[in-house]
Amino acid sequence: MLIFAASDKGGTGRSVTSANLAYHRAIAGDDVCYLDFDFGSPTAAAVFDVDTAQREAGNRGLHSYLEGDVGEPARVDVWAETEHRVLTNRPPGSGRLVLMPGDLGGGEFSTTGENLRRCVDLLLRLNSEFDLIIVDLSAGRSYAVEMALKATAEPQLRGIEARWLVFHRWTRQHVMAAAGLVFGPRGIMAGGIARGHTEEALRGAIRFVRAAVPDPESSLWSQVAPTQSAWMRECDADLQSLASNRGIGYTQVLGSVPLEPVLQWREQLITDEDVLDSQIANMETWQAMSDLAGRLTDDKYWGQP
């Protein structure tokens, strides 16, 4: 299965959440490949703590492969090459966790027949090798999004399940931007239909993920003044209404990730050690990531029987 991660704005938690979902699926036993298609600003290597491995890969990333400069993109075995002190001890029963990084000096580029062919070929080969392929796309109406829409419309990929996660923070600006990215005049829906996708199928393949969502009922906000607490509840209700009116209400949401101090300070994988031993991260965040990871392939969350 292919999972495309998109967002209209940067800073939505798209990359770090997607990496955590890949990690959760891998520790659950799936073979997972993570593709960093954020060509303008690839960051996955930092989240997986494989910076040294990416530097050694040089200019053999996905950008170089798609442009035809190398025959195969670099692969990083996260369990074997990470510098993360917890991940170096691969959990028993875990599946493969492979990162295909973007080039350090890469940049956005338009889709041509040749790089589209390479993209389709890569996704086909990876689909036969891995249980789940997560593709982190550049923010906005980017060339990476265009390539993903074109590739999945090609006859060779039409038989492979492809789903889209659209990330946004829980603010008015981000809710409006996420809705525009999907339903706007040049959004994913319009772009996908123009490239051969059916409206019904594409709509059913898109779900939203709310990131950094503050819970007014949580202990984190238990000491705020009553007036501030009331204001937060009012804002939350207003955002719920706005999201519903923009077509990204509750039924279209795959899940939410709570506001997590660890992720505000450092984009990283959150391990069970962070929750249970050092206790720097919240159990609610770990559980939210676990739930989201499970829902990626659970048809009942995608409008399917």
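How many aromatic pairs does a search of the whole structure find? The search finds 5 aromatic pairs, and two of these pairs are stops on this tour of what is a predicted model.

**The whole chain**

Begin with the protein in cartoon view, where the secondary structure comes to 14 helices and 8 strands. Its radius of gyration is 19 Å, close to the 19 Å that the globule rule gives for 305 residues, so the protein is as compact as a globular protein of that length. Taken along the principal axes, the box filled by the C-alpha atoms is roughly 60 × 45 × 40 Å. If you colour by accessibility, buried residues make up 52% of the 305 residues, while the exposed surface of the protein amounts to about 13400 Å², with carbon and sulfur atoms supplying 48% of it. Among contacts with a separation of 6 or more, 77% join residues that are 24 or more positions apart.

**The sheet**

Next, select the strands, which form an open sheet of 8 strands in the order β3-β4-β2-β5-β1-β6-β7-β8, with mixed pairing. The edges of this sheet are β3 (76-77) and β8 (253-258), each of which pairs on one side only.

Narrow the selection to β5, residues 132-137, where 6 of the 6 residues are buried, so the strand is largely enclosed by the rest of the structure. In a regular strand the side chains alternate between the two faces of the sheet. Here both faces are covered, with Leu132, Ile134 and Asp136 buried on one side and Ile133, Val135 and Leu137 buried on the other.

Add the neighbours of β5 to the view. Strand β1 (residues 2-7) runs parallel to β5 and is joined to it by 4 bridges, and Phe4 has Val135 as its bridge partner in β5. Strand β2 also runs parallel to β5, through 6 bridges, and here Tyr34 has Ile134 as its bridge partner. Moving on from β2 to β4 (residues 97-100), you will find another parallel pairing, over 4 bridges, in which Leu35 is partnered by Met100 of β4.

**Leu35 and the nonpolar cores**

Stay on Leu35 and display its surroundings: leaving aside neighbours within four places in sequence, Leu35 is in contact with Leu62, Met100, Leu122, Leu123, Leu126, Ile133, Ile134, Val135 and Asp136. Leu35 also belongs to the largest nonpolar core, of 51 residues, in which Leu35, Phe37, Leu137, Trp164 and Ile188 touch the most other members. A second, separate core has 43 residues, including Met1, Ala5, Val16 and Val275.

**Two aromatic pairs**

Now return to the aromatic pairs, of which the search of the whole structure finds 5. Select Tyr34 and Phe48, an edge-to-face pair with 5.4 Å centre to centre and 75 degrees between the planes. Tyr34 lies in strand β2 (residues 32-37) and Phe48 in the loop between α2 (44-47) and α3 (51-57), so the pair ties together parts that are 14 residues apart in sequence. Both Tyr34 and Phe48 are buried.

Then select Phe37 and Phe39, whose rings form a tilted pair, 5.0 Å centre to centre and with 40 degrees between the planes. Phe37 is buried, with a relative accessible area of 2%, and Phe39 is buried as well, with a relative accessible area of 4%.

**Val50**

Go back to the loop between α2 and α3, which also holds Val50. Is Val50 buried or exposed? At 0% relative accessibility, Val50 counts as buried. Apart from residues up to four places away in sequence, Val50 touches Ala45, Val76, Val78, Glu81, Thr82 and Leu99. A distance drawn between the C-alpha atoms of Val50 and Thr82 comes to 4.6 Å, although the two residues are 32 residues apart along the chain.

**His168 and helix α7**

Cross to strand β6 (residues 162-169) and pick out His168, which is buried, with a relative accessible area of 1%. Not counting residues up to four places away in sequence, His168 touches Thr12, His174, Val175, Ala178, Phe208, Val209, Arg210, Ala211 and Ile248.

Finish with helix α7 (residues 143-153), where 8 of the 11 residues are buried, so the helix is largely enclosed by the rest of the structure. The buried residues to select in α7 are Ala144, Val145, Met147, Ala148, Leu149, Ala151, Thr152 and Ala153.

Methods:
Residues are numbered from 1 along each chain as its sequence is written. This is a predicted model: local features need pLDDT of at least 70, side-chain atom pairs count only at pLDDT 80 or more; totals for chains, interfaces and linings use all residues. Side-chain values use heavy atoms; hydrogens and water are left out. Rings of Phe, Tyr and Trp (its six-membered ring) pair if their centres lie within 6.5 Å; planes under 30 degrees apart count as stacked, over 60 as edge-to-face and the rest as tilted. Buried means under 20% relative accessible area, exposed over 50%, partly exposed in between (1.4 Å probe, protein chains only). Contact means heavy atoms within 4.5 Å. A nonpolar core is a set of buried Ala, Val, Leu, Ile, Met, Phe, Trp, Tyr and Cys residues joined through side-chain atoms within 4.5 Å. Two strands pair if DSSP finds at least two bridges between them. The radius of gyration is taken over C-alpha atoms; the globule rule is 2.2 Å times the number of residues to the power 0.38. Accessible areas come from the Shrake-Rupley method with a 1.4 Å probe; for residues, only the protein chains shown count as cover.
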